[in-house]
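User: I keep meeting words like "buried" and "pocket" and I'd like to see what backs them up. Can we go through one example together?

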Amino acid sequence: MKEITSSKNEWIKTIKKLHRKKHREEMQEYLIEGFHLVEEAVNHSAAIRSILVTKRGVNEWKEWLEGQDTEIIVLVSDEVMKSLSDLPTPQGILAVVGMPAISEELKDSFTGSWLALDQVQDPGNVGTMIRTADAAGFTGVIMGEGAADIYSTKVLRAMQGSHFHLPILTGDILEMIQAFKTQGSAVYGTELNDEAVEYTSIEPQQNFLLIMGNEGNGVRQDILDQTTKNLFIPIKGKAESLNVAVAAGVLMYSLKK
C-alpha cells in the first residue's frame with residue numbers, strides 16, 4: 001500500500017484543489033469524505049480514482065478495505081487527512097471520484113418523475129431535496145442556472161450518497177420544459193398567487209416535472225409562464241412560508257404515483 005506522510009506532496013496538493021469548483025470541472029473529479037459516502041460510491045460502481053485512509057481508518061475498516069482494489073488505496077498521515085478534510089474532526093477516509101457521464105439519450109427523452117431546481121442556492125436545501133427525490137422514487141433531478149454545485153462538500157454531505165442512485169443533469173430549465181411537453185408530460189411550477197392551484201387538486205401521476213425555486217425569489221417568472229400549472233401549499237398556521245426543501249418533500253410525495 002502506497003503511503004504519503006506530507007501535506008506538501010504534489011499529488012496531495014492537486015487533490016486539495018478539488019475543493020474548488022473550477023478545478024473539479026477541469027479535472028472532472030470530486031472529493032467525498034466519510035466511510036458511508038465512500039462505501040456508497042463503491043456499492044454503486046462509481047468511478048473511484050483513489051481511496052485515502054489513515055492508520056486509524058485502516059484499523060477501523062480493515063475488513064472492508066481488504067475487499068477493495070489495493071491499487072487505489074493510499075495510506076496517509078493524520079496531517080495529510082486534516083489538510084484535505086473540511087471537517088473539524090476527520091473520520092479518516094476519503095475518496096477521489098470521477099464525475100459520471102450523462103447519456104445524451106436521457107437528455108433527449110424524459111420519462112418518469114423529475115425534480116428541477118431553479119437557482120436554489122443553499123447547499124443544505126439542494127442536498128436535502130435530491131435526497132428526498134431519491135427517497136420518493138423520482139427518476140432524476142435537473143440542476144438549473146444558479147443552483148448550488150452538487151459536488152461541493154456541503155451538498156455532498158446533505159445528499160448522503162443519493163447522487164449515486166439517480167441521474168442529476170445540468171441544463172437550461174426552459175429547454176427542459178419543452179422536452180417534457182414534447183413527451184406529453186405535465187410541468188408544475190410553484191408560486192403563491194391567485195392563478196396557482198392547491199397541490200392537493202392534482203392527481204398523483206407517473207410522468208411530470210416539478211420545479212422548485214430560489215429560497216427568496218421563488219421560480220423565475222419566465223419559467224412559470226411555460227408550466228402546465230403552478231402549485232401552492234396552503235399555510236394553515238401563522239408561519240410566513242415553508243422552507244423550500246420541506247415544500248419540495250410535500251409536493252414530491254403528493255404528486256408521485
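User: What classes of residue make up the lining of the second largest pocket?

Analyst: By class, that lining has 12 nonpolar, nine polar and three charged residues. Ala, Val, Leu, Ile, Met, Phe, Trp, Tyr, Cys and Pro count as nonpolar, Asp, Glu, Lys and Arg as charged, and the others, Gly among them, as polar. One caution: this is a predicted model, where local features need pLDDT of at least 70 and side-chain atom pairs pLDDT 80 or more, while totals for chains, interfaces and linings use all residues. Also, residues are numbered from 1 along each chain as its sequence is written, and side-chain values use heavy atoms, with hydrogens and water left out.

User: What makes something a pocket, and which residues lie nearest the centre of the second largest one?

Analyst: On a 1 Å grid over the protein atoms alone, a pocket is an open set of points where a 1.4 Å probe fits, with protein on both sides within 12 Å along at least five of seven lines; lining residues have an atom within 4 Å of a point. Here 24 residues pass as lining, and Leu192, Gly218, Ser241, Leu242 and Ala247 lie nearest the centre. Helix 12 (244-255) is among the elements giving two or more residues, and helix 12 gives the most, with three. Helices here are DSSP runs of H or I, at least four residues, and strands are runs of E, at least two, numbered from the N terminus.

User: How much space lies in the largest pocket?

Analyst: About 670 Å³. Of its 32 lining residues, Pro100, Ile150, Tyr151, Ile168 and Thr170 are the closest to the centre. A volume is the space filled by probe spheres set on the points, which are joined across faces, edges and corners. For the second largest pocket, the value is about 540 Å³.

User: Why does His163 count as buried?

Analyst: Buried means under 20% relative accessible area, with exposed over 50% and partly exposed in between (1.4 Å probe, protein chains only). His163 has 10% relative accessibility, so it counts as buried. You'll find His163 in the loop between helix 9 and strand 8 (168-170).

User: What does the side chain of His163 make a polar contact with?

Analyst: The side chain of Tyr30, at 3.1 Å. The cut-off for a polar contact is a pair of N or O atoms within 3.5 Å; within protein, one must be able to donate a hydrogen and the other to accept it, and residues adjacent in sequence count only if both atoms are side-chain atoms.
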